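Work through the exercises below with the coordinates open. Each task is followed by a stepwise solution.

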Amino acid sequence: MSAVPSSQGQRVLEAARCGSPRPTTLRDARERVVRGLLLLAAVFSVLTTTTIVGTLAWETFHFIRLPEVTLSDFLLGTTWSPLLGAEKHFGIWPLVCGTLLVSAVGAAFALPVGLITAVYLSEYAPPRVRATLKPVLEVLAGVPTVVYGFFALMVITPALQSLCTWAFGRPVFPGYNATGAGLAVGVMILPIVTSLSEDALRAVPRGLREGAHALGGTRFDVSVRVVVPAALSGIMASFFLAITRAIGETMIVALAAGGLAQLTFNPASETQTMTAYMVQIFLGDAPAFGVENLSSYAVASVLFVITLALTMVGNLLLRMFREEYE
Amino acid sequence: MTGRPRTTAARVLQNRLFLAACLACTSLAVLALAVLLISVLVQGVPGLRWNFFSEYASRKPDRAGILAPLSGSVWVCTTCMLLSLPLGVATAVYLEEFARRTRLNRFIELNVRNLAGVPSIVYGIIGLTAFSRMFGLVGSADGTPLVLGDPESFLHLELPFGQSVLAGGLTLMLVILPIVIIASQEALRAVPRGLRQASEALGATRWQTTWQVTLPAAAPTILTGAILAMSRAIGEAAPLLVLGIPLFIASTPESLMDQFTVLPFQIYSWASRPQGAFHDLAASGIIVLLAVLLSFNALAIYLRIRLQRSTAS
Amino acid sequence: MNLPTPTSPASTPRPAAVPAAANAAPPAICVRARSFNAWYGSHRALQDLSLDIPHERVTALIGPSGCGKSTFLRWINRMNDMVAGARAEGELTIDGESLLDAARDLVELRRRVGMVFQKPNPFPKSIYDNVAFGPRLHRHMTRAELDDLVEQSLRAAAIWNEVKDRLHQSALGLSGGQQQRLCIARAIAVGPEVLLMDEPCSALDPRSTASIEQLIRDLRSQFTIVIVTHNMQQAARVSDQTAFFYEGRLVECGPTDTIFTNPTSKQTEDYVTGRFG
């Protein structure tokens, strides 16, 4: 080192040589340990899936092997009466039907309303309106489902009953029914449809809108005939993911849809969904290894397979959409 | 030329009608929230007396309170958060910062996305099997648990976990882990690539870059996501219901091995009774639950603004 | 590319500070490439490159977009390791040691080869912590030693007077030109031999550009500088040696004066006179 550094650059190099170098062995070891720990964390999620699939498959297998159950009865049977009567029946269709009925009512409300709200937020709404509406939707998304169940029981069903009494002279809807629960499910999934669809609509490039406006389209032409079709896979993804949530929803149906498993598509009837059946079993102190307990594992398997398939389709659509625009 | 030209007037009318439909749909969402809040407030506010917070559950509506479920919710959600935040952020860091595009890593990524769609009640069943009963592999056949450590002390374990706070926290962790992972991944992805490059160009290792540059830059967003995940955990009843947690408890938890109940479950139980007086209690419970959740949302917004300011100034 | 209307490139003023590079013994070679090839996936970004970069000189890499000059730069400190699908073959050495060795310690390499990016990218930390980031990674230093290093680095980057009173405020509060000088200070604070600059002025206004160019001329006596630039005048003003890349190949390399006044290749002449690019 020279006593008088000749330039500022040299002063830097000298100052940078002060102190002692840090050992590299410690650094490399730490890097390896950290990488290993992080991988372990990531593998935990795979372990979760393995446990879900393994447990459900194992217990369902035991359920099918019970003397009072057959696989064909379970998959094709149209009567579900596991608790009452001398002869128990385990046909899954009434529960699947109840689940589909409630989800269909919810979807019939939430998909159009959610999509139109998304189009409004993305294409029409002035920033000030957006700024107030987004928090409203966030709050709706954050409301626990048990609250929606209470809402269905206390507000929606009584409102439906008074409406029908006024119109037809009788309440039509019993205290527990698929429509009340379904509408509450619809309100619950509305924010999912809206926010995911809005993301999809906003991801459509500006140029496309400007091009359509330049061709003399009204705002309606631009948003409904150009932007919505362009964002279609993203919108479909939001529909799939929202319906998945509706199918897996538990507390609303447990409170408001009733406990009668029946094969019907009448939305005014009492119905039991797959999730509501599980609640009934686990609240009822069923013995850990009895037929009722095992039946709930079998129902959970069916629920898991349905929701997994829908989630996978939804995620696939989402990825297709992202690859198109990102 | 074929077809008639569309008249301008018809197209303007169409546009107007659609805008009207938009406004109707949008106000439906606002209306739903307003009706929900108002009906709950009308029914529940009279029940918010002091002893509603200081009493345990009771068969007599006028003496019933939420002391046990409130403290149970605090215990189990804190446990859930302490478990899922490190695990979730670590998974996200692995996937975003460390993982090469191998088949295993792509599978992990896909797996997380699919786990996010699994209904919470299915997680309840897994929690029941894996944590509460431990597949029937641990403890004696008559149900007596295996006790590790001094049963009187805070730090002891009973295997299987049964209906304890730990079992509940672990089960809720399964529910919110995919949410925490996905939110953290998005937060990390939003950190500009330039920062990572600058750090690596100075000779920082991948972990040094992550710990000193990327994670601090992503922290506000991760924290917001974590708080929203926690609100989800606070509102969950179904998975805990499957665990078989009790409804009537005349004590508050004092260790991770104690029994507990939670607010949403208490609300469910009151709402499912036929008597109107219990419905009023459910409404009061909902007000407390919503107040907690809204203050969590407010906290998330506050933290986001504050942390953004402290990193920017 | 916007180049000024082509006049004779010779009319570009050469700063007085530029060197007596030509006299005496030829300078030692720092980075040396022979038959070097690089790919991104199946796209071949560099073909059969042979180039010498001498110690303590400024080498400018010029050429139209996509010609491979940035790719080459990013292989010198192996930044391309962060890019999926990037690979390279052939010989690339620094002071005679291979750069492409799989077992090569990248931390040690990057301590020796600093980099300044196109867009200023200060960390969202204080000015002091930005400069101290590298030294803290590599060395144990006392507080006083670190303070001194931060000051000397900021002085060398000609930004000390502007920031000395607010060292502990966020670096994000600085202007674009100040941020880029801070990034240079941050890069030299680890005491590198080589400083890579990837279009360091392209995001800056003319005044900031002038101050960065002055800085490059000041630093060239201590550091080997490799600068990628789109700006022909800039290459002419700051560099001792210029290499012209075109479509993944090195067309011509030589003393900057020669490249700009008397290039051997017609392509080079067309490019430096602004006829294409």
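**Exercise 1.** How do the residues of the lining of the second largest pocket divide into nonpolar, polar and charged?

*Solution.* Note before starting that this is a predicted model.

Step 1. Take the extent of the pocket: the volume of the second largest pocket is about 1,900 Å³, and 44 residues line it.

Step 2. Locate its centre. The lining residues nearest to the centre are B:Glu96, B:Glu97, B:Phe98, B:Ala99 and B:Arg100.

Step 3. Assign the lining to elements. Those giving two or more residues are helix 2 (24-64) and helix 13 (291-325) of chain A, helix 3 (67-98), helix 4 (103-115) and helix 7 (193-201) of chain B, and helix 2 (106-112) of chain C. Helix 13 of chain A gives the largest share, 7 residues.

Step 4. Sort by residue class: 24 are charged, 14 nonpolar and 6 polar.

**Exercise 2.** Compare the radius of gyration of chain A with that of a compact globule of 326 residues, then describe the chain further.

*Solution.*

Step 1. The globule would have a radius of gyration near 20 Å, whereas chain A has 28 Å.

Step 2. Along the principal axes, the C-alpha atoms of chain A fill a box of roughly 105 × 60 × 35 Å.

Step 3. Count the secondary structure: chain A has 13 helices and 3 strands.

Step 4. Consider burial and surface. Of the 326 residues in chain A, 54% are buried. The accessible surface of the chain is about 14,400 Å², and carbon and sulfur atoms account for 67% of that.

Step 5. Consider contacts. Of those in chain A between residues at least 6 apart in sequence, 68% join residues at least 24 apart.

**Exercise 3.** B:Phe135 and C:Glu199 are to be examined for backbone angle and burial. Is C:Glu199 buried or exposed?

*Solution.*

Step 1. B:Phe135 is not a glycine, yet its phi is positive, about 55°. The residue sits in the loop between helix 5 (120-132) and strand 1 (146-148) of chain B.

Step 2. C:Glu199, also not a glycine, has a positive phi of about 45°. Its loop runs between strand 8 (194-198) and helix 7 (206-219) of chain C.

Step 3. Apply the cut-off: buried means under 20% relative accessible area. C:Glu199 has 11% and is therefore buried. B:Phe135, at 46%, is partly exposed.

**Exercise 4.** Where does B:Pro160 lie, and what is the omega of the peptide bond that leads to it from B:Leu159?

*Solution.*

Step 1. B:Pro160 is in the loop between strand 2 (157-159) and helix 6 (165-189) of chain B.

Step 2. The peptide bond from B:Leu159 to B:Pro160 has omega near -10° and is cis.

Conventions. Residues are numbered from 1 along each chain as its sequence is written. Chains are lettered from A and ligands numbered from 1 in the order in which they are written. This is a predicted model: local features need pLDDT of at least 70, side-chain atom pairs count only at pLDDT 80 or more; totals for chains, interfaces and linings use all residues. Side-chain values use heavy atoms; hydrogens and water are left out. On a 1 Å grid over the protein atoms alone, a cavity is a set of points where a 1.4 Å probe fits but cannot get out, and a pocket is an open set with protein on both sides within 12 Å along at least five of seven lines; lining residues have an atom within 4 Å of a point. Grid points are joined across faces, edges and corners, and a volume is the space filled by probe spheres set on the points. Helices (H or I, at least four residues) and strands (E, at least two) are DSSP runs, numbered from the N terminus. Ala, Val, Leu, Ile, Met, Phe, Trp, Tyr, Cys and Pro count as nonpolar, Asp, Glu, Lys and Arg as charged, and the others, Gly among them, as polar. The radius of gyration is taken over C-alpha atoms; the globule rule is 2.2 Å times the number of residues to the power 0.38. Buried means under 20% relative accessible area, exposed over 50%, partly exposed in between (1.4 Å probe, protein chains only). Contact means heavy atoms within 4.5 Å. Accessible areas come from the Shrake-Rupley method with a 1.4 Å probe; for residues, only the protein chains shown count as cover.
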